[in-house]
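Visitor: Please pick one part of this model and look at it closely. After that, show me how the rest of the chain can be read in the same plain way.

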Amino acid sequence: MPVILKNEWKSGWKSLLIWALSVGGMGLICIILYKGMEDSMADMAESFATMGTFSDAFGMSTLSIATLKGYFATEIGTIHALGSSMFAASIATVILSKEEDGHTAEYTFTLPVSRGKVIAMKFFAVLLNLICFTLICGMLYEVGFVFLGETDFGSIFTEYMFFQLIMNIEIAAICFVISAVSKKNRLGIGISVAMLLYVYDLMARVVPDLKDAIFISPFSYSNATSIFAGESKDCVALILGTIMIVIMTVGAGMIYAKRDLAS
């Protein structure tokens with residue numbers, strides 16, 4: 001089992017580093033740029049806060065971008081949510097299907113371990129990548145805060161990164177099912193799932209008929225503006241997200257364990 005995990009790490013650490021440095025680096029640059037834009041932010045904040053549904057969708061009516069907290073939640077929060085969800089989808093969607101697509105299934109699944117354990121190790125590899133991604137991005141953002149002399153974020157920043165991690169695990173679990181039922185690389189479908197969930201969350205924040213069902217999207221409980229504004233957590237969304245992670249992960253394993261694999 002450790003061999004499988006080691007192989008997954010060796011084959012994916014470069015991709016992890018590229019994604020983490022790209023997303024975290026963009027966030028870091030935006031944080032550093034805040035210092036130069038701070039004086040003009042007050043006028044911009046007033047304009048953005050009165051843009052109706054646009055302001056509601058991106059949380060600009062909840063937090064002022066004239067503050068670093070509001071700027072981070074609305075700007076960097078969007079970058080991180082999109083980047084991290086696409087990364088989660090990209091690795092989970094191919095983690096199983098690549099064995100058949102790359103014609104390595106006949107080797108991997110003839111190792112002296114059960115197919116279930118192989119599947120478990122592969123999902124654990126996805127979790128390890130997501131944890132490392134979150135830590136790298138979090139450290140880069142912290143560098144930006146230190147550069148600006150900002151020390152007020154504290155536990156709320158940790159809370160935000162934690163819920164982003166849970167969100168990404170849920171998206172990964174959904175895409176794990178796609179990987180389990182596919183014989184080809186379905187990366188595009190996985191990325192589309194992440195984007196559809198994000199768009200649904202935006203729509204649910206501005207369309208009255210969808211607000212009661214916003215909990216369907218994992219972006220609902222990990223929304224940066226809601227967390228940094230101190231709003232109460234959507235317990236329904238969190239419970240549903242936890243249930244989805246368990247059902248999708250177990251379901252994907254059961255489906256893949258019973259499949260006839262192409263060599």
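Guide: A residue is called buried when its relative accessible area is under 20%, exposed when that value is over 50%, and partly exposed in between. The model is a predicted one, and the part to look at is helix α8, which covers residues 187-206. Start with R205: its relative accessibility is 16%, which is under 20%, so R205 counts as buried. Its partner is D201, and the side chains of R205 and D201 meet in a salt bridge, with 3.0 Å from N to O. For a salt bridge, the nitrogen of a Lys or Arg side chain has to be within 4 Å of a carboxyl oxygen of Asp or Glu, so the pair qualifies at 3.0 Å. D201 has a relative accessibility of 3%, and therefore D201 is buried as well. Both residues sit in helix α8, four residues apart, which is about one turn of the helix.

How many salt bridges does this rule give in total? The count is two. In the other one, the side chains of E8 and K122 meet at 2.4 Å, N to O. E8 belongs to helix α1 and K122 to helix α6 (residues 115-148), so this pair ties together parts that lie 114 residues apart in sequence. Like the pair in α8, E8 and K122 are both buried.

Now place these helices in the chain. The protein chain has 11 helices and zero strands, so every entry in its order from the N terminus is an α. Of its 263 residues, 48% are buried.

Helix α1 runs over residues 2-49 and holds W13. With 37% relative accessibility, W13 counts as partly exposed. W13 is also one member of a nonpolar surface patch, together with W9, L17 and L21. The accessible area of these four residues together is about 360 Å².

Helix α6, which already supplied K122, also contains G116. G116 has a relative accessible area of 41%, so G116 is partly exposed. The C-alpha atom of G116 is 8.1 Å from that of M254, although the two residues are 138 residues apart along the chain.

The last pieces are helix α7 (residues 155-181) and helix α11 (residues 235-258). Their axes come within 8 Å and cross at roughly 25°. Angles under 35 degrees count as roughly parallel, so α7 and α11 are roughly parallel to each other. Their crossing is left-handed.

Two residues can stand for these two helices. M244 is located in α11, and with a relative accessible area of 23% it is partly exposed. From the C-alpha atom of M244 to that of I174 the separation is 7.8 Å, while the two residues are 70 residues apart along the chain. T158 lies in α7, and its relative accessibility of 52% is over 50%, so T158 counts as exposed. T158 and G138 are 8.3 Å apart in space, C-alpha to C-alpha, and 20 residues apart in sequence.

To return to α8: R205 at 16% falls under the 20% cut-off and is therefore buried, whereas M244 at 23% does not and is therefore partly exposed.

Notes
Residues are numbered from 1 along each chain as its sequence is written. This is a predicted model: local features need pLDDT of at least 70, side-chain atom pairs count only at pLDDT 80 or more; totals for chains, interfaces and linings use all residues. Side-chain values use heavy atoms; hydrogens and water are left out. Patches are made of residues with over 30% relative accessible area and no salt bridge: like charges are joined within 9 Å, nonpolar side chains (Val, Leu, Ile, Met, Phe, Trp, Tyr) within 5 Å. Accessible areas come from the Shrake-Rupley method with a 1.4 Å probe; for residues, only the protein chains shown count as cover. Buried means under 20% relative accessible area, exposed over 50%, partly exposed in between (1.4 Å probe, protein chains only). Axes are lines fitted to C-alpha atoms, for helices over the stretch in contact, and angles run from 0 to 180 degrees between N-to-C directions. Angles under 35 degrees count as roughly parallel, over 145 as roughly antiparallel, 65 to 115 as roughly perpendicular and the rest as oblique. A crossing is left-handed if the near helix is turned anticlockwise from the far one by less than a right angle, and right-handed if clockwise.
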